[in-house]
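Visitor: I'd like a close look at one single part of this structure, and then at whatever surrounds it. Please go slowly, as I'm only in my first year.

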Amino acid sequence: MADLHGCCRPCATCLLCLYSCQWITAKKEKRKGLRTTKCDCSWFLFLFCVFLFTLVWLYFTMIILNDFHNFNEFIFKQRKLWLDWSLVLLIATAVLITYSAVLLVLALCLQLCGQPLKLHWLHKTLLILTALVVAAAFTGLGIKWAEEWRSARISLQATGPFLHIGIVGGMTILAWPLASFIYRTCNTGLKVFLLLVYCTVMIALYLAPLGITSPCIMEENQLPPKPALVGHRGAPMLAPENTLMSLRKAVDCDVQVFETDVMVSADGVPFLMHDEELTRTTNVQAVFPERAALNSTAFNWTDLQQLDAGSWFLERRPFPTVQSLSAGDRDQVTKQKIPSLEQVLEAAKQINISIMFDLRPENHSDYQSFVNATLEVILQSGIPLQQVLWLPDGFREQVKQQAPGIQQVYGRKRLQNEKEPLLHVNLPYQDMSSEEIRQYRQDNISVNLYVVNQPWLFSVLWCSGVSSVTTNACQVLKEMKHPIWLLPSSTYLMIWIVVDCASFLAILWAFLLLKKCSQGRRPAESETDVLLTKINSLMQE
């Protein structure tokens with residue numbers, strides 16, 4: 001092991017202790033024989049790869065937070081257990097990334113101090129476990145939640161320019177330990193290999209912006225109007241979903257359309273409910289325990305009115321915003337009942353808000369009677385038909401004939417040989433590219449994408465020119481007066497050039513400075529070796 005060049009002995013000892021889990025003193029005679037072997041280098045490379053692997057998972061974690069409420073609902077349907085699993089995911093990911101990052105920093109510091117990279121077996125075991133856990137997480141994501149891969153591609157349109165700057169910065173910092181290792185090692189082949197790999201990666205990074213595209217790289221005067229907000233089941237972060245309180249809160253957030261789900265009771269009354277069972281959003285298990293597992297449509301309207309549709313919101317806290325509700329709002333929550341479609345249409349007519357809904361369940365044997373009952377309530381309500389947006393595909397032609405004024409919204413893209421031109425489409429945000437959104441906009445087709453909760457995603461869709469978005473976070477998106485970032489192409493070009501030039505100069509400086517330091521140490525080391533040899537000879541005489 002080399003002497004402690006540029007690093008005090010206590011610091012080197014502490015670094016070795018943390019990395020190797022052994023208290024190795026800095027006395028030279030006790031450090032004889034400690035060298036960084038090929039096996040040690042392999043473990044350092046593995047550590048670096050695990051860190052990058054975990055870092056990529058952290059990025060995915062931040063992206064899938066937009067859709068994590070759907071995952072929470074899925075787990076509840078399967079296990080009847082409600083928990084905000086996003087907190088579990090974030091904590092676990094933070095632990096893994098922190099552990100691998102600390103180990104990597106220790107290894108780089110040891111390399112700069114000229115110390116051996118003797119990774120302890122416990123760290124090796126934990127690193128292997130970390131890699132396996134992250135690999136399992138990615139595998140599960142691909143199997144059960146494959147659409148999130150498309151979300152990741154969309155996210156690169158929002159983060160690509162900044163990821164490029166961050167990666168270039170990280171690789172630039174890596175030049176210091178790399179240069180230190182190259183000037184210390186005597187293996188010429190290894191030197192050439194590492195330099196070729198590093199230079200190849202840096203050249204690729206310097207040219208990466210040629211492949212980075214984002215709808216938010218545009219001039220200010222080209223920015224489309226802000227998308228309209230569609231309240232997903234109202235304002236579910238501020239009030240229990242699919243209730244009259246949720247509708248009122250959505251109106252306070254400047255929502256233009258109330259999106260909901262309609263079912264029809266056993267005695268023919270259309271009412272608001274998303275789940276096929278009542279267990280998640282009501283106290284049906286307490287009121288009708290023997291019937292709790294039945295489909296929502298199996299209950300008559302009198303039974304449904306006995307249920308509390310609000311208290312679950314305070315008990316389960318589906319969103320962190322529940323904690324900040326005022327005392328008055330909490331009192332209102334406990335008074336919420338399942339609203340009928342008639343009640344909601346009357347409220348929508350009074351406050352002049354449109355309503356868009358799905359009619360569920362689509363595979364029910366009495367679905368046509370559900371359509372008839374729903375149409376009857378709409379026509380009798382007196383609401384202007386242009387305020388009603390019809391989503392269900394079943395019996396759509398019948399609806400067009402009986403109520404031609406209702407706006408028809410399609411859950412698909414247009415076909416090549418479309419008999420009747422589409423005017424409104426409603427799709428998951430992963431299903432449309434920025435180019436398709438622009439084309440639909442040019443063809444005067446209104447595009448609504450769901451469910452958009454995070455400001456970064458809203459910004460990308462805003463820059464793309466989407467007409468509206470369905471959101472749980474209307475109170476957040478309401479406050480956005482501008483996309484998170486908007487860069488003219490000339491400004492981005494300038495940033496690209498400045499970052500690349502600064503990185504190149506920093507790398508050049510690191511290699512030149514460390515080369516000078518290594519050359520200055522060699523004569524001193526030679527003189528020290530000669531002196532020690534003479535002293536040893538005299539002592540033997």
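## A strand and its surroundings

Guide: Let's start with strand E1: five of its five residues are buried, so the strand is largely enclosed by the rest of the structure. Keep in mind that we're looking at a predicted model. E1 covers residues 228-232.

Now, which residues sit on each face of E1? On one side you'll find Ala228, Val230 and His232, and on the other Leu229 and Gly231. Every one of them is buried, and that's what it means here for both faces of E1 to be covered. If you're puzzled by the way the residue numbers split between the sides, here's the general idea: in a regular strand, side chains alternate between the two faces of the sheet.

Next, the neighbours. E1 pairs with strand E9, residues 468-471, in the parallel sense, over four bridges. Within that pairing, Leu229 has Val469 of E9 as its bridge partner. E1 also pairs with strand E2, residues 257-264, again in the parallel sense, and here there are three bridges. This time, look at His232, which stands opposite Glu259 in E2.

Pick out Gly231 in E1 for a moment. Is it buried or exposed? Its relative accessibility is 0%, so Gly231 counts as buried. Setting aside neighbours within four places in sequence, Gly231 is in contact with Val255, Val257, Phe258, Glu259 and Thr471. There's also Leu247, which is 16 residues away from Gly231 in sequence and 8.1 Å away in space, going from C-alpha to C-alpha.

On the way into E2, have a look at Asp254, in the loop between helix H9 (244-252) and E2. Asp254 isn't a glycine, yet its phi is positive, at about 65 degrees. That's worth a second glance because most residues other than glycine have a negative phi.

Let's go back along the chain from E1. The loop between helix H8 (188-207) and E1 holds Cys216, and this cysteine forms a disulfide with Cys463, their sulfur atoms lying 2.4 Å apart. Cys463 belongs to helix H18, so to speak, on the other end of the link, and the two cysteines are 247 residues apart, so the pair ties together distant parts of the chain. The link is right-handed, with 100 degrees about the S-S bond. Both ends are tucked away: Cys216 is buried at a relative accessible area of 2%, and Cys463 is buried at 1%.

How many disulfides are there? The count comes to one. Why doesn't Cys474 have a bond to Cys253? Cys253 holds the closest cysteine sulfur to that of Cys474, but the gap is 3.2 Å, which is too far for a bond, because a disulfide needs the two sulfur atoms within 2.5 Å. Cys474 is buried too, at 0% relative accessibility. Cys517, on the other hand, is partly exposed, with a relative accessible area of 37%.

The disulfide has brought us to H18, so let's see what packs there. H18 (residues 455-464) meets helix H6 (residues 147-173) at an angle of about 75 degrees, and the axes are 9 Å apart. That angle makes H6 roughly perpendicular to H18. From H6, the residues in the contact are Ser151, Ile154, Ser155, Gln157 and Ala158, and they meet Trp456, Leu457 and Val460 of H18. Sorted by class, this contact has five nonpolar residues, three polar ones and no charged ones.

One last stop, just ahead of H18. Val451 lies in the loop between strand E8 (446-450) and H18, and a cis peptide bond joins Tyr450 to Val451, with omega at about -20 degrees. Further back, Asn444 sits in the loop between helix H17 (434-442) and E8. Like Asp254, Asn444 has a positive phi without being a glycine; its value is near 60 degrees. And after so many buried residues, here's one that is exposed: Asn444 has a relative accessible area of 64%.

Key
Residues are numbered from 1 along each chain as its sequence is written. This is a predicted model: local features need pLDDT of at least 70, side-chain atom pairs count only at pLDDT 80 or more; totals for chains, interfaces and linings use all residues. Side-chain values use heavy atoms; hydrogens and water are left out. Axes are lines fitted to C-alpha atoms, for helices over the stretch in contact, and angles run from 0 to 180 degrees between N-to-C directions. Angles under 35 degrees count as roughly parallel, over 145 as roughly antiparallel, 65 to 115 as roughly perpendicular and the rest as oblique. Contact means heavy atoms within 4.5 Å. Ala, Val, Leu, Ile, Met, Phe, Trp, Tyr, Cys and Pro count as nonpolar, Asp, Glu, Lys and Arg as charged, and the others, Gly among them, as polar. Buried means under 20% relative accessible area, exposed over 50%, partly exposed in between (1.4 Å probe, protein chains only). Two strands pair if DSSP finds at least two bridges between them.
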